[in-house]
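Dear colleague,

Please find below the structure that I am handing over to you, together with its sequence. My account of what was found in it follows directly after.

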Amino acid sequence: MTALSCDMPCRMIAAGGMCDDYLNMIQIFPLLLLTEAAVLYDLSSGRIPNSMILAGLGMGLIYQTVWLGPAGILVYLGGVLLPLLLLGTLYYFRMIGAGDIKLLCVAGGFLGPAACFSCIVCSILLGGVISLILTLYYRNLLQRFLYFFEYMGEYTRTKTWCSYLQNTDRQARFCFSVPVFLSILCYIGGII
């Protein structure tokens, strides 16, 4: 599904007779409101409430089912499962939070797997840029690289799991929901 477009022809669909632009607005606005609320909540409390995630997952399922009928369930599942498959390893090491992955699952439920993949790649790139800016601001770039290589070396040697952020200070953390939200904006804006 493409983002909103003023020159997109209004094709009537069999289920309900609604046009593409109208359904795109139904797709875009709840997703924007949800992700914006999730970012604000994450910035203030450091977490994203499961109730917000469940509401988003439910709305995504309804949207895909109304838009594509029974096939929408497969599109929905593909979009929801993709972030789990691609980012599960990062979560295992606690390099990304569960709420951030769940927020990407919500986006995938609304947008489908192809757009979700674009948002994941964009989120990682934007997260890298934000991380670089923060490490330059806090002047701890070398310290962060050394910590990463020490962590990976320790895991390789001992095969013992511990959270990546376990021994880090607050300056080493940021809310990944921000690049997730920005990537959704990039998708809607047609940048990705």
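I begin with the surface. A nonpolar patch of about 1,000 Å² is formed there by Leu61, Ile73, Leu74, Leu77, Leu81, Leu84, Leu85, Leu86, Phe117, Val121 and Leu125. Helices α3 (71-92) and α5 (113-138) each contribute at least two residues to this nonpolar patch. The largest share, seven residues, is supplied by α3. One of the patch residues is Leu74, which is found in helix α3. Leu74 counts as exposed because its relative accessibility is 65%, and the cut-off for that class is over 50%. Please note that the model is a predicted one, and that the values in this message are computed from it.

As to the overall architecture, the secondary structure of the protein comes to seven helices and zero strands. Read from the N terminus, the order of elements is therefore simply α-α-α-α-α-α-α. The protein has 192 residues, of which 39% count as buried.

The interior may be set beside the surface patch. The largest nonpolar core has 33 residues, and those with the most contacts inside it are Leu31, Leu57, Val106, Leu111 and Ile184. Two or more residues of this core come from each of α1 (20-45), α2 (50-68), α3, α4 (98-111), α5 and α7 (177-188). Helix α4 gives the most to the core, with eight residues. Helices α3 and α5 thus appear in both accounts: they are named among the contributors to the core, and each of them also supplies at least two residues of the nonpolar patch.

I turn next to the aromatic residues. The structure holds six aromatic pairs. One of them is formed by Tyr92 and Phe93 and is edge-to-face, with 5.0 Å centre to centre and 85° between the planes. The two partners fall into separate accessibility classes: Tyr92 counts as partly exposed at 40% relative accessibility, whereas Phe93 counts as buried at 9%. Another of the pairs, formed by Phe145 and Phe149, is stacked, with 6.5 Å centre to centre and 15° between the planes. Phe145 and Phe149 both lie in helix α6 (residues 141-158), where they are four residues apart, about one turn of the helix. Phe145 counts as partly exposed at 47% relative accessibility, while Phe149 is exposed, with a relative accessible area of 54%. The two Phe residues receive these separate labels because the cut-off for exposed is over 50%.

Ring pairs also link Tyr92, Phe93, Tyr151 and Tyr155 into a cluster. In addition, the ring of Tyr91 has the charged end of Arg94 sitting over it, 4.3 Å from the ring centre.

Where does Thr135 lie? Thr135 belongs to helix α5 and is buried, with a relative accessible area of 11%. Thr135 and Phe145 are ten residues apart in sequence, and their C-alpha atoms are 10.0 Å apart in space.

On charged contacts, a general remark may come first: side chains of opposite charge can pair when their charged atoms come close. How many salt bridges does a search of the whole structure find? The search finds one. Glu154 forms a salt bridge with Arg157, and the closest N and O atoms are 2.9 Å apart. Glu154 and Arg157 are separated by about one helical turn, because they are three residues apart in helix α6. Glu154 counts as partly exposed at 38% relative accessibility, whereas Arg157 counts as exposed at 60%.

Finally, the backbone deserves a word. Which residue in the loop between α5 and α6 should be examined? That residue is Arg139, which has a positive phi of about 55° although it is not a glycine. Arg139 counts as exposed, at 76% relative accessibility. Lys159, found in the loop between α6 and α7, is also a residue other than glycine with a positive phi, in this case near 55°. At 57% relative accessibility, Lys159 counts as exposed.

With kind regards

Note on methods: Residues are numbered from 1 along each chain as its sequence is written. This is a predicted model: local features need pLDDT of at least 70, side-chain atom pairs count only at pLDDT 80 or more; totals for chains, interfaces and linings use all residues. Side-chain values use heavy atoms; hydrogens and water are left out. Rings of Phe, Tyr and Trp (its six-membered ring) pair if their centres lie within 6.5 Å; planes under 30 degrees apart count as stacked, over 60 as edge-to-face and the rest as tilted. Buried means under 20% relative accessible area, exposed over 50%, partly exposed in between (1.4 Å probe, protein chains only). A charge sits over a ring if NZ of Lys or CZ of Arg is within 6 Å of the ring centre and within 35 degrees of the ring normal. Patches are made of residues with over 30% relative accessible area and no salt bridge: like charges are joined within 9 Å, nonpolar side chains (Val, Leu, Ile, Met, Phe, Trp, Tyr) within 5 Å. Accessible areas come from the Shrake-Rupley method with a 1.4 Å probe; for residues, only the protein chains shown count as cover. A salt bridge is a side-chain nitrogen of Lys or Arg within 4 Å of a carboxyl oxygen of Asp or Glu. A nonpolar core is a set of buried Ala, Val, Leu, Ile, Met, Phe, Trp, Tyr and Cys residues joined through side-chain atoms within 4.5 Å.
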